[in-house]
Structure formats: structure tokens, C-alpha cells
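Visitor: I would like to go through this structure with you step by step, with the reasoning behind each value. Could we begin by looking at the sequence and the model together?

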Amino acid sequence: RIMMATKRHDAAAAEALQRESEELFDKMGCSPWSAMRYSLAMTPFQLSCFFALRDLCLGMGAVAPGDMTTGGFLWVPDLTVPDPYFVLPVMLSSVFLTAMFTGSESGMRPSGMMRHVLIGLSVAGVALTSQFPAGIQLFWLFNISLGVALA
């Protein structure tokens with residue numbers, strides 16, 4: 001309703017709706033940013049895990065790939081190479097869309113143009129992540145799936 005009032009150039013109505021919204025947040029003891037607390041708190045940990053896993057998959061630094069080349073996971077025998085069947089990138093994009101459309105990450109469901117942008121990002125995500133090592137793709141898949149399940 002605030003956006004509709006803004007589009008109508010009705011500043012008084014938009015301001016009144018904004019105040020009403022703020023009062024509701026105060027009354028309920030929450031804030032629009034409270035949904036992002038978990039994501040912001042987990043970001044340093046997730047980045048550390050990503051960089052460590054990347055180094056492990058690519059054999060960079062003092063870490064040798066070790067069991068990553070022989071351990072495997074179901075149809076991917078070597079976690080240091082990309083998924084040869086593109087199953088992981090497609091699953092990753094599907095779980096990303098599920099997280100976005102259910103609002104599990106942000107608490108808000110996209111509408112209008114944003115839905116189309118997210119679908120485009122998801123399709124592009126298959127191409128972008130298809131050349132990442134399978135170990136990294138599994139890490140992201142688990143991370144996003146866990147976020148959807150906990151939300």
C-alpha cells in the first residue's frame with residue numbers, strides 16, 4: 001500500500017502508512033531487519049568454509065586434496081571436478097528458487113519484476129556454477145537447503 005501511495009504521488013498517505021507500519025513493528029517487538037540477523041551472523045562462517053573448501057578442492061596452499069579426489073558422492077566420484085551430469089548445478093538453482101519464492105531467507109516473497117529477475121538468475125546460476133568443483137556445489141546445496149528447512 002505504501003508503494004501504491006508513492007506511485008500515486010500521495011506523500012501524505014505514504015507517510016501515514018509508513019508510520020502505521022513502524023507502529024506495528026514497535027507493537028510486535030520486531031523490525032524489518034530481524035529476518036536478516038541469521039544470514040548476517042552466519043556470513044563470516046560460510047565464507048570461511050567456502051574458502052577452505054575451495055582450497056581443498058583445488059589443492060591450493062598447504063592443503064592437499066586427499067580424499068576429495070577419491071571419496072566422491074553418489075554419481076560424482078571426484079569432488080575436485082565439476083559435476084559431469086549437471087545435476088548439482090540444476091539442484092542448486094532449484095533450491096535457490098525455492099528459498100527465494102518461499103521467502104525463507106529474507107522473510108519476503110518476491111513479486112512482479114523481481115520474480116522474473118530471480119528466475120533469470122537461477123537459469124544463469126546453472127551456467128555459472130556448472131564449472132565449480134562438485135565439493136563446493138554440494139556445500140552450497142547443503143547450506144541453502146538447511147536455510148530453507150530451518151525457516
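Visitor: What end-to-end distance should helix 6 (residues 134-150) span, at 1.5 Å a residue?

Guide: Keep in mind that this is a predicted model. Helix 6 has 17 residues, and the expected span is 1.5 Å times one less than that number. The end C-alpha atoms of the helix are 24 Å apart, which agrees with the expected value of 24 Å.

Visitor: Which elements do the buried residues of helix 6 pack against?

Guide: The buried residues of helix 6 include Ala134, Gly135, Ile136 and Leu138, and further along Leu141, Asn143 and Gly147. The elements against which these buried residues pack are helix 3, helix 4 (87-102) and helix 5 (113-129).

Visitor: Is Cys49 buried, partly exposed or exposed?

Guide: Cys49 lies in helix 3, which covers residues 37-58. A residue is buried under 20% relative accessible area and exposed over 50%. Because its relative accessibility is 24%, Cys49 counts as partly exposed.

Visitor: What distance separates the C-alpha atoms of Cys49 and Ile136?

Guide: Cys49 belongs to helix 3, while Ile136 is one of the buried residues in helix 6. Although the two are 87 residues apart along the chain, their C-alpha atoms are separated by 9.6 Å.

Visitor: What share of the contacts with a separation of 6 or more joins residues 24 or more positions apart?

Guide: The protein has six helices and zero strands, and the buried residues of helix 6 pack against three of those helices, helix 3, helix 4 and helix 5. For the protein, the share of such contacts between residues 24 or more positions apart is 53%.

Conventions. Residues numbered from 1 in each chain as written. Predicted model: local features only at pLDDT ≥ 70, side-chain atom pairs only at ≥ 80, totals over all residues. Heavy atoms only, no water. Helix = DSSP H or I, 4+ residues; strand = E, 2+ residues; numbered from the N terminus. Contact = heavy atoms within 4.5 Å. Buried < 20%, exposed > 50% of the residue type's maximum accessible area, 1.4 Å probe, protein only.
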